[in-house]
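Dear colleague,

I am handing over the structure we spoke about, and I would be glad if you could keep it open while you read. Below it I have set out what was found, taking one region after another.

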Amino acid sequence: MPRPKTARPKSAGTRTRPAHPAKVPQAPQRGRPGPVRFKHDTRAHEYELEVLPGLEDVAAAELAAVPQARDIRGLRFWYPGSPERLLRLRSVAAVYRLRRWDVPRPRGLLGHQQFEELAEFVRAVQQAGGHTSFRISAAGRESDVLQRLTQDLSAALGLPYSEEGELVLRLRPAADGTGWEVLARLTPRPLSVREWRVCNRAGGLNASVAHALHRLAGVRAEDRIFNPMCGSGTLLVERALMGPYEAMVGVDTDPDAVACARANLAAARRDVEVAQVDALHTGLPDRSFDLIMADLPWGDAVGDHASNAELYPAFLHEMYRLCSRSGRLVVLTHELRLFERALAESRWEGYELLQVYSGGHHPKAYLLRRG
Ligand SMILES: C[S@@+](CC[C@H](N)C(=O)[O-])C[C@H]1O[C@@H](n2cnc3c(N)ncnc32)[C@H](O)[C@@H]1O
């Protein structure tokens with residue numbers, strides 16, 4: 001097992017030598033869309049962020065740091081001009097532009113003026129994002145009114161309707177009950193489908209969750225970081241994109257996972273060492289790392305419950321040895337009872353960081369320190 005390099009990467013933004021709901025949405029099949037560009041629009045528009053349940057606070061903190069975002073109410077806010085900056089929010093699943101119409105029922109949207117406004121609203125998003133199809137998400141989708149709205153929009157925009165449509169339109173009653181809101185997703189794909197993901201694996205972590213975990217663990221330039229059981233490398237890539245660190249290394253016993261992580265890191269243009277090594281037998285000296293972050297096998301897509309019963313206590317024991325005195329261990333798992341039992345019998349102390357709901361899973365993340 002090679003030792004972690006101590007040379008610090010020049011900066012997160014520096015290009016270096018090229019070297020998965022909470023699981024990964026499928027990567028786009030066709031060519032990747034270009035950047036979203038709203039030309040010549042300096043007006044402020046209202047937006048809403050869509051996040052995985054459990055990531056709301058992280059996303060709100062990320063939003064609070066966006067210059068010019070104003071009148072923020074939870075994940076809803078106003079933003080002036082082109083919204084490209086919003087598409088760099090990393091803990092967010094999607095950004096929607098939002099507009100309200102003072103109509104009592106969706107039928108009101110078919111009125112001449114309202115429909116013209118609606119078509120213009122949707123067209124601006126479509127032209128900026130390059131979406132090639134659309135879909136409508138609303139209660140009563142099969143109603144005559146929504147069928148007609150779908151047909152008229154398809155004709156006005158010259159866009160085909162598809163159940164998998166790229167331009168997601170959501171229709172819902174306004175919270176005060178006096179109008180209807182239409183939300184249009186800015187990007188053809190969810191933001192959690194990252195540009196860098198050229199390799200996908202069963203059990204791959206959703207990149208927004210990986211980003212959120214690193215935010216909560218703390219991004220420190222002096223950290224020597226270890227990602228045991230790195231799989232496709234989601235935690236490595238997301239951290240490498242967040243800022244400088246002292247050293248970072250990932251390991252996995254599966255050679256295909258190692259190749260996959262390397263391919264994703266290369267696509268992200270980040271030079272991080274990944275080795276085919278058993279995380280429990282690295283041969284590294286005591287206290288080699290300041291931050292250890294692991295997405296353990298959950299016993300469904302990866303691993304099984306019987307092997308996890310052995311793995312989890314052994315993992316906690318070995319990570320205790322590898323963690324520096326003031327270091328942190330972050331663990332994400334869906335094997336909650338097993339993990340909490342193993343934790344109670346370990347020397348680690350800590351607390352639950354978050355629980356995220358995604359793709360039928362509801363894993364928890366823990367932040368632990370040496371007791
Ligand atoms: C849940 S997956 C990790 C997914 C990863 N976070 C991603 O985004 O792709 C768990 C990984 O642990 C690896 N693994 C299991 N036991 C291991 C061990 N003792 N040492 C190193 N890797 C191990 C498996 O090969 C698998 O790739």
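**Around the ligand**

The ligand is surrounded by 18 residues, and the closest of them are L205, S232, T234, D252 and D295. Please keep in mind from the start that this is a predicted model, and that the distances and areas below are computed from it.

Three polar contacts are worth finding on your screen. An oxygen atom of the ligand has a polar side-chain atom of T234 at 2.5 Å, while a nitrogen atom of the ligand has a polar side-chain atom of D278 at 2.9 Å. A279 takes part through its backbone instead, with a polar backbone atom that lies 2.9 Å from a nitrogen atom of the ligand. On its own the ligand would expose 610 Å², and the protein buries 91% of that area. If you sort the surrounding shell by class, you will find 8 nonpolar, 6 polar and 4 charged residues.

**The chain as a whole**

Stepping back from the ligand, you can trace 8 helices and 14 strands along the chain. The chain has 371 residues, of which 53% count as buried. Its accessible surface comes to about 16700 Å², and carbon and sulfur atoms account for 49% of that surface.

**Helix α2 and what covers it**

Helix α2 is a good place to practise reading a helix, since it runs over residues 112-129, which makes 18 residues. From its first C-alpha to its last, helix α2 reaches 26 Å, close to the 26 Å expected at 1.5 Å a residue. Just after α2 comes G130, which has a positive phi near 70°.

Which residues of α2 are buried? They are F115, L118, A119, F121, V122, V125, Q126, A128 and G129. When you look at how such positions are spaced, it helps to remember that an α-helix has 3.6 residues a turn, so residues three or four places apart point the same way. The cover over the buried residues of α2 includes the strands β4 (94-101), β6 (167-173) and β7 (180-185), together with the helix α3 (144-157).

V125, which has its place in helix α2, has a relative accessibility of 0% and therefore counts as buried. Leaving out residues up to four places away in sequence, V125 touches F38, R97, H131, L167, A184, R185 and L186. One of these partners, R185, is 60 residues away from V125 along the chain, yet their C-alpha atoms are separated by 7.8 Å.

**Two buried loop residues**

L109 is found in the loop between β4 and α2, and it counts as buried because its relative accessibility is 1%. Again without residues up to four places away in sequence, L109 touches W101, V103, Q114, F115, L118, L149, L171 and V182. The C-alpha atoms of L109 and V145 are separated by 9.3 Å, although these two residues are 36 residues apart along the chain.

P188 is found in the loop between β7 and α4 (207-217), and with a relative accessibility of 4% it counts as buried. In sequence P188 and Q126 are 62 residues apart, whereas in space they are 8.9 Å apart, C-alpha to C-alpha.

**Two positive phi values outside glycine**

Finally, please look at two loop residues whose backbone angles deserve a careful check. M229 is a residue other than glycine with a positive phi, near 60°, and it is found in the loop between β8 (224-228) and α5 (234-240). R269 is not a glycine either, and has a positive phi of about 55°; its loop lies between α6 (255-267) and β10 (273-276).

Are these two residues buried or exposed, or something in between? M229 counts as buried because its relative accessibility of 18% is under the 20% cut-off. R269, with a relative accessible area of 38%, is partly exposed, because that value falls between the cut-offs of 20% and 50%.

With best wishes

Definitions and conventions. Residues are numbered from 1 along each chain as its sequence is written. This is a predicted model: local features need pLDDT of at least 70, side-chain atom pairs count only at pLDDT 80 or more; totals for chains, interfaces and linings use all residues. Side-chain values use heavy atoms; hydrogens and water are left out. A residue is near a molecule or strand if one of its heavy atoms lies within 4 Å of it. A polar contact is a pair of N or O atoms within 3.5 Å; within protein, one must be able to donate a hydrogen and the other to accept it, and residues adjacent in sequence count only if both atoms are side-chain atoms. Accessible areas come from the Shrake-Rupley method with a 1.4 Å probe; for residues, only the protein chains shown count as cover. Ala, Val, Leu, Ile, Met, Phe, Trp, Tyr, Cys and Pro count as nonpolar, Asp, Glu, Lys and Arg as charged, and the others, Gly among them, as polar. Helices (H or I, at least four residues) and strands (E, at least two) are DSSP runs, numbered from the N terminus. Buried means under 20% relative accessible area, exposed over 50%, partly exposed in between (1.4 Å probe, protein chains only). The expected span of a helix is 1.5 Å times one less than its number of residues. Contact means heavy atoms within 4.5 Å.
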